[in-house]
Amino acid sequence: MAMKISTNLERVGDEATTISRRVLELSQEPQLPQAAAIPPMATLALQMLKDALDAFVHRDPARARDVVPRDQAVDELNRRLHGELAALMAQRPSTITRCLNLMVICKSLERIADHATQRGRGSGLPL
């Protein structure tokens with residue numbers, strides 16, 4: 001089980017690298033109002049990951065099961081923000097690069113949440 005978790009955490013690290021690269025690009029341009037939706041999404045995804053790992057370490061299946069429903073909230077935030085950004089790109093083509101960067105960040109956060117609930121690519125945390 002520890003090997004599966006290790007692999008999953010490596011994938012989470014890959015997503016963090018993707019996020020970092022996109023943030024560096026975004027820091028060169030004015031911020032879009034939609035960027036304000038990212039920190040709450042990140043907080044939720046990272047808390048899910050922490051809780052899943054804590055549940056494993058403490059052998060607490062109830063806590064592990066509590067993580068799963070929260071994935072829907074992250075998925076909904078991702079869908080909503082993608083819709084807003086797609087509309088903004090259509091209205092203001094000058095924002096396309098910034099919108100695409102925010103979309104990639106959202107998707108990476110959504111994948112981190114998926115990894116916390118075994119819905120990520122490959123094996124997930126043992127919930």
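The legends below describe close-up views of a predicted model.

**Figure 1. Overall fold of the protein chain, with five helices and zero strands.** From the N terminus on, the elements follow the order α-α-α-α-α. Along the principal axes, the C-alpha atoms fill a box of roughly 50 × 25 × 20 Å. The protein chain has 127 residues, of which 39% are buried. Among contacts with a separation of 6 or more, 76% are between residues 24 or more positions apart.

**Figure 2. Helix 4, residues 70-91, seen along its length.** Helix 4 has 22 residues, and at 1.5 Å a residue these should span 32 Å. The end C-alpha atoms of helix 4 are 32 Å apart, in agreement with that expectation.

**Figure 3. The buried and exposed sides of helix 4.** The buried residues of helix 4 are Asp71, Val74, Asp75, Asn78, Leu81, Leu85, Leu88 and Met89. Because they cover an arc of only 155° around the axis, they lie on the same side of helix 4. Gln72, Arg79, Ala90 and Gln91 are exposed on the other side of helix 4. The partners against which the buried residues pack are helix 2 (38-57), helix 3 (61-67) and helix 5 (96-116).

**Figure 4. Asn78 and its surroundings in helix 4.** Asn78 has a relative accessible area of 9% and is therefore buried, the cut-off being under 20%. When neighbours within four places in sequence are left aside, the contacts of Asn78 are Met41, Cys106, Lys107 and Glu110. Of these partners, Met41 falls within the residue range of helix 2 (38-57), while Cys106, Lys107 and Glu110 fall within that of helix 5 (96-116).

**Figure 5. Leu77 of helix 4 beside Met41.** Leu77 is next to Asn78 in the numbering, and both are placed in helix 4. With a relative accessible area of 24%, Leu77 is partly exposed, whereas Asn78 is buried. Leu77 and Met41 are separated by 36 residues in sequence, yet their C-alpha atoms are 6.9 Å apart in space. Met41 is also in contact with Asn78.

**Figure 6. Arg59 in the loop between helix 2 and helix 3.** Arg59 is not a glycine, but has a positive phi of about 50°. The relative accessibility of Arg59 is 75%, so this residue counts as exposed; the cut-off for exposed is over 50%. The two helices on either side of this loop, helix 2 and helix 3, are among the elements against which the buried residues of helix 4 pack.

**Figure 7. The largest pocket, with a volume of about 190 Å³.** The lining of the largest pocket consists of Val23, Leu26, Glu29, Pro30, Gln31, Leu32, Ala35, Ile38, Pro39, Arg98, Leu102 and Ile105. Helix 1 (2-26), helix 2 and helix 5 are the elements that each give two or more residues to this lining. The most comes from helix 5, which gives three residues. By residue class, the lining of the largest pocket has nine nonpolar residues, one polar residue and two charged residues.

Definitions and conventions
Residues are numbered from 1 along each chain as its sequence is written. This is a predicted model: local features need pLDDT of at least 70, side-chain atom pairs count only at pLDDT 80 or more; totals for chains, interfaces and linings use all residues. Side-chain values use heavy atoms; hydrogens and water are left out. Helices (H or I, at least four residues) and strands (E, at least two) are DSSP runs, numbered from the N terminus. The expected span of a helix is 1.5 Å times one less than its number of residues. Buried means under 20% relative accessible area, exposed over 50%, partly exposed in between (1.4 Å probe, protein chains only). The arc is that of the directions from the helix axis to the C-beta atoms. Contact means heavy atoms within 4.5 Å. On a 1 Å grid over the protein atoms alone, a cavity is a set of points where a 1.4 Å probe fits but cannot get out, and a pocket is an open set with protein on both sides within 12 Å along at least five of seven lines; lining residues have an atom within 4 Å of a point. Grid points are joined across faces, edges and corners, and a volume is the space filled by probe spheres set on the points. Ala, Val, Leu, Ile, Met, Phe, Trp, Tyr, Cys and Pro count as nonpolar, Asp, Glu, Lys and Arg as charged, and the others, Gly among them, as polar.
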